[in-house]
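Biologist: I should like to learn how the packing of helices and the layout of a sheet are read from a model. May we take the helices before the sheet?

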Amino acid sequence: MTGIRKGTLIAGDGIGPEVVSATVRVLEATGVVIEWEAEVAGAMAIALEGTPLPQKTLDSIRTNGLALKGPTTTPIGSGHASINVALRKTLDLYANVRPVKSMPGVKSRYDHVDLVIVRENTEDLYSGLEHIVVPGVVESIKVITEKASTRIAKFAFAYARENGRKRITAVHKANIMKLSDGLFLDCCARVAADYPEIKYDDIIVDNCCMQLVLDPTRFDMLLLENLYGDIVSDLCAGLVGGLGLAPGANIGERGATFEAVHGSAPDIAGMNLANPIALILSGAMLLDYIGENAAGTRVRNAVSSLLMEGKHLPHDLGGSASTSEVAEAIATRLSS
Ligand code: ATP
């Protein structure tokens, strides 16, 4: 890399500021220099700027092509629309990548889980097209296009090729939503034909959930529309130790944002209790994305060694280390 890399830093709401500063501490300890530009989004942005997603924040991410983001709170049922959805759509961050991996030393239902979820990020029921037809009747519109479905399928197969993955399973409900999920499935199958070395199959979403709970190791990569991807991601996080360990990236043609799967966890906000590992692992994905793969691997190894040793475990994994203590312990491993 030449010059200093710039990135946008969004602390977010709830536990966001705590896990973001923990992650910055760990990234600094790798020796990779990223000059962070702090911007706001979410409830904090409403308080400071009067809008949940200020233009200045969008401009900063567009210019830097890179952001590390804490979770932002989305009010349920009313209030402002999801900042995550708005960001992903406005910046066309169409691919949501969520690796799901068993971690050493973490008590969970399964060992040896190693799968990657690729979720379409811009359409489906997240189109935001909802209206009241007559009082008591609401329509919510699911939008599936050939363009977006082909684009996400191409992303998934290219990812599989680059990362040595062997099999992609498209997840759908085309037996009921014959047109929309049928189109998604057709696009996936067409792209699959260009990648003969990668095994391709498909599965109905309800059966997929059952199979995942019975034995997640039978999957390699899952390719999903937006809503199924959201739900199945949380299910998969639960299979390997919970939301505190689940990282994610939103990737587009001109940039990417990195954020954990979990939300703002208002129940534990401000208490220095949150597990920062999900965002720290998202930070490792950020390092890979900017070409600092060795540093990304070092972060993952430091997290694994911390979990294996079991001394500085965060509260959600049965330990008593605070958010900052977990970060410090990982940073110390990186510097030594
Ligand atoms: P939001 O509305 O922002 O999605 P939420 O509380 O509905 O917030 P999450 O934030 O994902 O959803 O939290 C779900 C549960 O998981 C909460 O009990 C929360 O405390 C816990 N949790 C989420 N993230 C973490 C974390 N990083 N460390 C520890 N516990 C977490």
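Biologist: How are α10 and α11 oriented to each other?

Modeller: Two packed helices are described by the angle between their axes and by the distance between those axes. In this predicted model, helix α10 (residues 293-309) packs on helix α11 (residues 323-335) at an angle of about 120°, the axes being 9 Å apart. An angle above the perpendicular range of 65 to 115 degrees but not over 145 counts as oblique, and α10 and α11 are therefore oblique to each other. The crossing of α10 past α11 is right-handed.

Biologist: Which residues make the contact?

Modeller: From α10 come R298, V299, A302, V303, S305, L306 and E309, and from α11 come V326, A329, I330, R333 and L334. By character, 8 residues of this contact are nonpolar, 1 is polar and 3 are charged.

Biologist: In what order do the strands of the sheet lie?

Modeller: The open sheet has 10 strands, ordered β2-β1-β3-β12-β11-β4-β5-β10-β8-β9, with mixed pairing. β2 (34-39) and β9 (199-204) are the edge strands; each has a single partner, so one side of each lacks a neighbour in the sheet. From one strand to the next, the twist averages 25°.

Biologist: How many bridges join β8 to β10?

Modeller: There are 4 bridges between strand β8 (residues 167-172) and strand β10 (residues 221-224), and the two run parallel. T169 is placed opposite L222 of β10.

Biologist: Which strands does helix α7 lie across?

Modeller: Helix α7 (residues 205-214) lies across β5 (114-120), β8, β9 and β10, and runs at about 105° to β9.

Technical notes: Residues numbered from 1 in each chain as written. Predicted model: local features only at pLDDT ≥ 70, side-chain atom pairs only at ≥ 80, totals over all residues. Heavy atoms only, no water. Axes fitted to C-alpha atoms, helices over the stretch in contact; angles between N-to-C directions. Parallel < 35°, antiparallel > 145°, perpendicular 65-115°, else oblique. Left-handed = near helix turned anticlockwise from the far one by under 90°. Contact = heavy atoms within 4.5 Å. Nonpolar A, V, L, I, M, F, W, Y, C, P; charged D, E, K, R; others polar. Pairing = 2+ DSSP bridges.
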